[in-house]
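Let's take a walk through this model together, starting with its enclosed spaces and then moving on to its sheets and helices. Keep the structure open in your viewer as you read.

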Amino acid sequence: MTQADFVVVANRLPVDRVADADASGEPWRRSPGGLVTALEPVMRKASGAWVGWPGQADLDVEPFEFEGTFLVPVALSAEDVENYYEGFSNDTIWPLYHDVIAAPRFKRQWWEAYVSVNQRFADAAAEAAAPNAIVWVQDYQLQLVPKLLREARPDVTIGYFHHIPFPAYGLYSQLPWRRQVLEGLLGADVIGFQRVADAGNFARAVRRQLRYETKASGITVPDAAGGTRMALAKAFPISIDADSYIELAQRPEIQARAAEIRESLGNPKKILLGVDRLDYTKGIRHRLKAFGELLEDGHISVDDVTLVQVASPSRERVEAYVQLRDEIELTVGRINGDYDTMDHTAIRYLHQAYPREEMVALFLAADVMLVTALRDGMNLVAKEYVASRVDNRGVLVLSEFAGAADELGSAIRINPHDIDGLKDAIMRAIEMPGAEQGRRMRALRRRVREHDVEDWSQDFLDALAAFHNGPTAVSS
Ligand code: G6P
């Protein structure tokens, strides 16, 4: 098998299987996810390999080349999907790391599947990596891979990036396998987090559980030879490919589509927008509550204000997600039932995913973007909205519990648990004069343009390069 000098290991491959291959017969399509978008520019330049799950149970395909990247599929059986992906990753780690907004479930059978699937990813990475390669492991589904890979391939340099929050020690310590997970992560040379606070929580857990010494971003880790080595744990806030959003937002057909969207909603004075995966971390219920109360109080009317809520389907077989969907759809139905008129709707709810072109048109159509996450690693939607506002108009309402709040200081900052505060913030956003919108939006856009996804990957890979002991040079 071809070996690569740069290998990404992620739960998902950057492609989706096409149900009915089109006329070209191509059975794969580039997938639209945030992580894929984030790493695409790096992969393109490095011509590396990407190890990941092809996204369907029992799909076992040989490694293949796709648009210049070598893709190495890791097959998951239906049972693996249930125990490793839906179970341990998304019903144990996900809720625990998002401050137990939903109750994490600790099941030994899920843990066992997580260990064995992580081993399989590590084996595939070990096989795909050339001597002295750089391997970059992504996210919470694969926290054991750094250690397993180091055991198999001590020559490679290993980075790990954690896309979601790392919780405070008091919560983290609930995890029955807390030591194993920390040891798994510490197999990496560089462990990247979204926020300074996440890196701090991780270092504290390492001190408390493993008694390793931590100093600034450095952690002293015992090595296989009985000595020690240094690992780096620090914040590298992720970003977006800002230029591609700017380019789309400047296209006349996308601007025309934005006008068409406004038109089809009955040309309300103000359009509010929420765009999320349908996930309990996103605070969609809090947002609907605040919006419903503003209608009830008579502060706004459906003749003037419409909320568009895009909630893309996600993890639909996990119980907490099934329940959330029911609750949200009940609430939307009630609010619309109470306030809709023949001409105007209160909430246009779309349980669908859209291509990027349509999203940019929606961003351009929306006067106010509502990001009300209860806990979120970064929230790239906030950055996508800002990048798309080439007209320097629009208002971003942003939860302080989203990683993006550390960078986007000119947004209207909210605590989504404070419903009255959220209602005030929405009214302020609706009423904000154009000059103030422009001032804030320019500052937000400057930040997103100055720190785009290329800077993110460059910063991370530069930090990793300090640990590298071979001839490989990777730069984004
Ligand atoms: C979050 C995670 C990603 C994940 C994505 C979509 O952004 O950090 O690792 O891929 O959600 O979730 P899914 O379960 O569909 O991969």
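With a 30 Å³ threshold, the count comes to 2 cavities of that volume or more. Please keep in mind that this is a predicted model.

Begin with the largest cavity, which has a volume of about 40 Å³. Its lining consists of G394, V395, L396, S410, A411, I412, M432, Q437, R440, M441 and L444. Two elements, β17 (395-399) and α15 (434-450), give two or more residues to that lining. The largest share, 4 residues, comes from α15. Sorted by class, the lining residues of the largest cavity are 7 nonpolar, 3 polar and 1 charged.

The second largest cavity has a volume of about 30 Å³. You can find it by selecting Y280, G283, I284, R285, H286, L324 and L374, which line it. Helix α10 (residues 284-297) gives the most to this lining, with 3 residues. The classes here are 4 nonpolar, 2 polar and 1 charged.

Now for a space that is open. The second largest pocket holds about 330 Å³ of space. It is lined by 13 residues, and R150, P222, D223, A224 and R229 lie nearest its centre. Both α4 (145-152) and β11 (218-222) supply at least two residues of the lining, with α4 giving the most, 3 residues. In this pocket the lining divides into 6 nonpolar, 1 polar and 6 charged residues.

Next come the sheets. As a reminder, strands of a sheet pair through backbone hydrogen bonds, either parallel or antiparallel. One open sheet here has 6 strands in the order β15-β14-β13-β16-β17-β18, with parallel pairing. Which strands stand at its edges? They are β15 (347-350) and β18 (412-414), each with a single partner strand, so one side of each is left without a neighbour in the sheet. From one strand to the next, the twist averages 20 degrees. You have already met β17 of this sheet order, as one of the elements lining the largest cavity. Further along the order, strand β13 (residues 270-277) and strand β16 (residues 368-371) run parallel and are joined by 2 bridges. To see the pairing at the level of residues, look at L273, which stands opposite M369 in β16.

The other open sheet to visit has 10 strands, in the order β5-β6-β4-β1-β7-β8-β9-β12-β11-β10, and its pairing is mixed. The edge positions belong to β5 (64-66) and β10 (214-215); each has a single partner strand, so one side of each lacks a neighbour in the sheet. Within this sheet, strand β9 (residues 190-193) pairs with strand β12 (residues 228-235) in the parallel sense over 4 bridges. There, V190 stands opposite L232 in β12. The order also includes β11, which supplies at least two residues to the lining of the second largest pocket.

Turning to how helices meet, consider helix α2 (residues 78-97) and helix α3 (residues 108-128). Their axes come within 8 Å and cross at roughly 105 degrees. That angle makes α2 roughly perpendicular to α3. On the α2 side the contact is made by D80, E82, N83, Y84, G87, F88, S89, D91 and T92, and on the α3 side by Q109, W110, W111, A113, Y114, V117, N118, R120 and F121. By class this contact has 8 nonpolar, 6 polar and 4 charged residues.

A second crossing involves helix α12 (residues 356-365) and helix α13 (residues 380-388), whose axes come within 9 Å and cross at roughly 70 degrees. This makes α12 roughly perpendicular to α13. Here V360, F363 and L364 in α12 meet V381, E384, Y385 and S388 in α13. The contact has 5 nonpolar, 1 polar and 1 charged residues.

Let's finish with a single residue. Where does H299 lie? It is in the loop between α10 and β14 (305-312). Leaving aside residues up to four places away in sequence, H299 touches L294 and M427. For a sense of scale, compare H299 with V117: the two are 182 residues apart in sequence and 53 Å apart in space, C-alpha to C-alpha. V117 is one of the α3 residues in the contact with α2.

Technical notes
Residues are numbered from 1 along each chain as its sequence is written. This is a predicted model: local features need pLDDT of at least 70, side-chain atom pairs count only at pLDDT 80 or more; totals for chains, interfaces and linings use all residues. Side-chain values use heavy atoms; hydrogens and water are left out. Axes are lines fitted to C-alpha atoms, for helices over the stretch in contact, and angles run from 0 to 180 degrees between N-to-C directions. Angles under 35 degrees count as roughly parallel, over 145 as roughly antiparallel, 65 to 115 as roughly perpendicular and the rest as oblique. Contact means heavy atoms within 4.5 Å. Ala, Val, Leu, Ile, Met, Phe, Trp, Tyr, Cys and Pro count as nonpolar, Asp, Glu, Lys and Arg as charged, and the others, Gly among them, as polar. On a 1 Å grid over the protein atoms alone, a cavity is a set of points where a 1.4 Å probe fits but cannot get out, and a pocket is an open set with protein on both sides within 12 Å along at least five of seven lines; lining residues have an atom within 4 Å of a point. Grid points are joined across faces, edges and corners, and a volume is the space filled by probe spheres set on the points. Two strands pair if DSSP finds at least two bridges between them.
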